[in-house]
Amino acid sequence: MDELRTERLLLRRWRPDDEPVIALINRHPDVGRHLNRPPDDTFFGLMVDHWETHGFGAWAVEYEGRFVGFAGLAYLPPFLAAAGPAPELGWRLDPEVWGLGLATEAAVAARDDAFRRGHAEIVSVIHPENTRSQRVAVKLGFRLSRQIVNPRLDIPVDVWVLEQPLLSS
Ligand SMILES: CC(C)(COP(=O)(O)OP(=O)(O)OC[C@H]1O[C@@H](n2cnc3c(N)ncnc32)[C@H](O)[C@@H]1OP(=O)(O)O)[C@@H](O)C(=O)NCCC(=O)NCCS
């Protein structure tokens, strides 16, 4: 499946014209504050390569016809292997659209898609002071599991975990 739709959002594969927009979002000081690695120019290529290599990845998110960020699943980089081996569900939006519930809406769709694809467990690595991201994780059903050190930044980060719900019905 190449796209998902929610009440307000289109989640789709990345397009070349997303590259300059995500570069701007990544450079916004409010966005970069709590990320696991300083964003650089390889970011867009990593997103596209992940889809091509694994057949899934973070979704580009469109709101009112405009690309506003991403939500979705990706394997953790080697330096964060201690948080795995489960893939990470991540989310990142343009600050212009924060506070509208869009990150949660996108991440719920990406979470459900991850479980439909058969992933038994997903994680989210969140800076302990990133309260906005923690609230998204809680609304999705993640629980705080443990703390590890991010060796790239030499800071402690929290590992949140969510297991595939049992298909009891
Ligand atoms: C983390 C991030 C994606 C969260 O964005 P956000 O806009 O604050 O999150 P949401 O879109 O889910 O908004 C939630 C808020 O919108 C409000 N809201 C408004 N309408 C809503 C609706 N229809 N449904 C749900 N929430 C709604 C709620 O009050 C909610 O606030 P709450 O968390 O106090 O309950 C954003 O802060 C971000 O991109 N940060 C930088 C990158 C980053 O740190 N990513 C995570 C790394 S771990």
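This is a short chat about reading the ligand site and the aromatic pairs in a predicted model.

Reader: What should I know about the model before I start?
Author: It's predicted, so local features need pLDDT of at least 70 and side-chain atom pairs count only at pLDDT 80 or more, while totals for chains, interfaces and linings use all residues. Residues are numbered from 1 along each chain as its sequence is written, and side-chain values use heavy atoms, with hydrogens and water left out.

Reader: Which residues come nearest to the ligand?
Author: A residue is near a molecule if one of its heavy atoms lies within 4 Å of it. Here 21 residues surround the ligand, and Gly99, Thr104, Asn130, Arg132 and Arg135 come nearest.

Reader: Which element gives the most to that shell?
Author: Helices (H or I, at least four residues) and strands (E, at least two) are DSSP runs, numbered from the N terminus. Helix 5 leads, with 5 residues.

Reader: How do I read a polar contact with the ligand?
Author: Look for a pair of N or O atoms within 3.5 Å. A polar side-chain atom of arginine 132 sits 2.7 Å from a ligand oxygen, and one of tryptophan 98 sits 3.3 Å from a ligand oxygen. For tryptophan 91, a backbone N or O atom lies 2.8 Å from a ligand nitrogen.

Reader: And how is a pair of aromatic rings described?
Author: By the distance of the centres and the angle of the planes. Rings of Phe, Tyr and Trp (its six-membered ring) pair if their centres lie within 6.5 Å; planes under 30 degrees apart are stacked, over 60 edge-to-face, the rest tilted. That rule gives 7 aromatic pairs. Tryptophan 14 and phenylalanine 70 form a tilted one, 6.2 Å centre to centre with 45° between the planes.

Methods. A polar contact is a pair of N or O atoms within 3.5 Å; within protein, one must be able to donate a hydrogen and the other to accept it, and residues adjacent in sequence count only if both atoms are side-chain atoms.
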